[in-house]
Amino acid sequence: MKRLNHAFSLIELSITVLIIGIVTLVALNGKSLVIKANCVVSSLGSKTIVNNLDNPTALTANRSSAYETCVSSGGVITSSSSAVVTCSGAACSSCKTLLAANPGMASGTYTIDPDGAGSIAEFNVYCDMTDSGGWTKILHYKNAAYTPNTGAVNPTSISTESTAAISGFAKLSDAQINAIGGSGATKTYRISGDKTTNKYYTKSNGVWNDTARAYGLPNASRQVCENSTGFASCVFSNTSLGIIDSNQEALSGNDCARYFVDLGSAINCYTTGSSTQRCFSAGMSCGNHSMINNLEIYLRE
Ligand SMILES: [Ca+2]
């Protein structure tokens, strides 16, 4: 009877050891999947860049064999391909930092993570690498006024469509917009449309709010410029105007080079008279304040 009890104890001990082993394996496996340090996968061919600062398991759609190699090798990936774009940590935070890390990078769709290991997940953006480069597109509409929304609208549209391909209203979320370069930092916003080759540039440290008048950008320290030659040649002037209006800011005539928004109310499309939907309008001599179509707003921190 004693021998039998002893044998049973050995079986119990074996089972206990086995369970501990399984638990240990599971724990190690879980650890290996949560790699926080500079694990980067890049592929210029498909124009995707993935880092896993947040949650690698959420990136299934962007995974590649290179990504899996990265994970299995402990978080650092290298590639011999000449087409590989490198990106890690802060270099993944915006179109501007991507370009700085990869001179000559083409305009197109890339994945960024403005707050690094912070809680905002990676997201795709459309980068304009011309006009001094590093412009992240944050909002566009095609030819109709839109209802302001602080959330993200049509993420695929905003992250993949060039000017000619704009299909409708789309934007990043306000949280994503403000994370690029840091909330409250002075950034340059670039506005363009179909009525003029001029682009309107404004520097502001306002916190972006899609439901606020002129996005909450106007404040005492705002600066503005408008030209057709690009950001590098812009000469900025101060303005205390409470809205965006290149005519009142003495940057344009009351013509097709005029950009204005939210003139009549906090949210306003002057062309249609709506106070619940927003659009940009051109000057009087431009079809009696035609709506500016293919309107795009880019951000450069
Ligand atoms: Ca993040």
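Visitor: Where is the place of Thr150?
Guide: Quick housekeeping: residue numbers start from 1 along each chain as its sequence is written. This is a predicted model, where local features need pLDDT of at least 70 and side-chain atom pairs count only at pLDDT 80 or more, while totals for chains, interfaces and linings use all residues. Helices (H or I, at least four residues) and strands (E, at least two) are DSSP runs, numbered from the N terminus. In those terms, Thr150 belongs to the loop between strand E5 (135–141) and helix H4 (155–160).

Visitor: Why does Thr150 count as buried, exposed or partly exposed?
Guide: A residue is buried if 20 or more other C-beta atoms lie within 10 Å of its own, exposed if 12 or fewer, and partly exposed in between, with C-beta atoms placed from the backbone. Thr150 has 15 other C-beta atoms within 10 Å, so the label is partly exposed.

Visitor: Which residues is Thr150 in contact with, leaving aside its neighbours within four places in sequence?
Guide: Two residues are in contact if their C-beta atoms, placed from the backbone, lie within 7 Å. One partner, Asp174, is 24 residues away along the chain, and its C-alpha atom is 5.3 Å from that of Thr150. The full list is Ser173, Asp174, Asn209, Asp210 and Thr211.

Visitor: What separates the C-alpha atoms of Asn143 and Ile166?
Guide: Asn143 is in the loop between E5 and H4 as well. Asn143 is partly exposed because 13 other C-beta atoms lie within 10 Å. Along the chain Asn143 and Ile166 are 23 residues apart, and their C-alpha atoms are separated by 9.4 Å.

Visitor: What is the phi of Ser132?
Guide: Ser132 lies in the loop between E4 and E5, and so does Asp131, with E4 spanning 123–128. Asp131 has a positive phi near 55° despite not being glycine. Ser132 isn't a glycine either, yet its phi is positive, at about 75°.

Visitor: How many C-beta neighbours inside 10 Å does Asp131 have?
Guide: Both residues get the partly exposed label. Ser132 earns it with 16 C-beta neighbours inside 10 Å. For Asp131, also partly exposed, the number is 19.

Visitor: Which residues have the most contacts inside the largest nonpolar core?
Guide: A nonpolar core is a set of buried Ala, Val, Leu, Ile, Met, Phe, Trp, Tyr and Cys residues joined through C-beta atoms within 7 Å. The largest one here has 54 residues. Cys127 is in contact with Cys95 and Leu98, among others beyond four places in sequence. The residues with the most contacts inside this core are Cys95, Leu98, Cys127, Ile138, Tyr259, Phe280 and Leu299.

Visitor: Which residue is the bridge partner of Val261 in E13?
Guide: Strands pair if DSSP finds at least two bridges between them. Three strands make an open antiparallel sheet, ordered E11-E12-E13, with E11 (244–245) and E13 (280–281) as the edges, each pairing on one side only. E12 (residues 260–261) and E13 share two antiparallel bridges. Opposite Val261, the bridge partner in E13 is Phe280.

Visitor: Which residue stands opposite Val224 in E10?
Guide: E8 (residues 199–204) and E9 (residues 223–227) pair antiparallel over five bridges, and Lys203 stands opposite Gln223 in E9. E9 also pairs antiparallel with E10 (residues 237–238), over two bridges. Across from Val224 in E10 stands Ser237.

Visitor: How many strands does the protein chain have?
Guide: Buried residues make up 41% of the 301 residues in this chain. The chain's five helices are accompanied by strands, and those number 14.
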